[in-house]
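This report concerns a single molecular structure, shown below.

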Amino acid sequence: MSHHHTDDNCIFCKIVAGKIPSKKVYEDEDIFAFHDIAPWAPVHLLMIPKAHIPSLAQVGPEHEALLGRMMVLASKLAAQEGCNPYPDGGFRLVSNTGTEGGQEVHHLHIHVMGGPRPWLRG
Ligand code: AMP
Ligand code: ZN
């Protein structure tokens, strides 16, 4: 049983619960990270909070520590999954928010993309 708020119809909540398989790269009490199923770049991960927060439009002061931890985790996971070191390597973080922001899955997620160019998109 999770203590996090979840949404039974959300694909990323199902991934966190293990009801849909994923290629997990990291998990702790509050954060889960896995490979994007349709990568645009040689390394393409998604970092998500375990709690069902729809997007960055819903975050508040109570989420500052969580989001800070995700930002710090990003470079660690990028390196772990094969992104080359800064400054010649590096990575890109993207969090699509809302329809005009290009968001398709309404559970907050941060794309972590990197690896040698060219990429399929971006
Ligand atoms: P967006 O909401 O536009 O930021 O994109 C959602 C991302 O989730 C896309 O890059 C999809 O490829 C990815 N995605 C959707 N379903 C899955 C899944 N079952 N496992 C891994 N990634 C997924
Ligand atoms: Zn969810």
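The sections below treat the metal site and then one helix.

## Basis of the model

The model is predicted: local features need pLDDT of at least 70, side-chain atom pairs count only at pLDDT 80 or more, and totals for chains, interfaces and linings use all residues. Residues are numbered from 1 along each chain as its sequence is written, chains are lettered from A and ligands numbered from 1 in the order in which they are written, and side-chain values use heavy atoms, with hydrogens and water left out.

## Zinc site

The zinc ion (ligand 2) has as protein donors Cys10 (SG), Cys13 (SG), His52 (ND1) and His107 (ND1), at 2.0 to 2.3 Å. Donors are N, O and S atoms within 2.8 Å of the metal (3.2 Å for Na, K and Ca); water is not among the atoms, so sites may look incomplete. The arrangement is tetrahedral because the 4 donor atoms subtend angles of 105 to 117°; the criterion for four donors is that all angles lie between 85 and 135 degrees.

The sequence spacing of the donor residues is C-x2-C-x38-H-x54-H. His52, in the loop between strand S3 (43-49) and helix H2 (64-80), and His107, in the loop between strand S4 (91-94) and strand S5 (110-114), are 55 residues apart and link distant parts of the chain. Helices (H or I, at least four residues) and strands (E, at least two) are DSSP runs, numbered from the N terminus. His52 is buried, with a relative accessible area of 12%, and His107 is buried at 0%; buried means under 20% relative accessible area (1.4 Å probe, protein chains only).

## Helix H2

Buried residues of H2 include Leu66, Leu67, Met70 and Leu73. After H2 comes Gly82, whose phi is positive, near 110°.

Methods
Tetrahedral: all angles 85-135°; square planar, octahedral: opposite > 155°, others 65-115°. Buried < 20%, exposed > 50% of the residue type's maximum accessible area, 1.4 Å probe, protein only.
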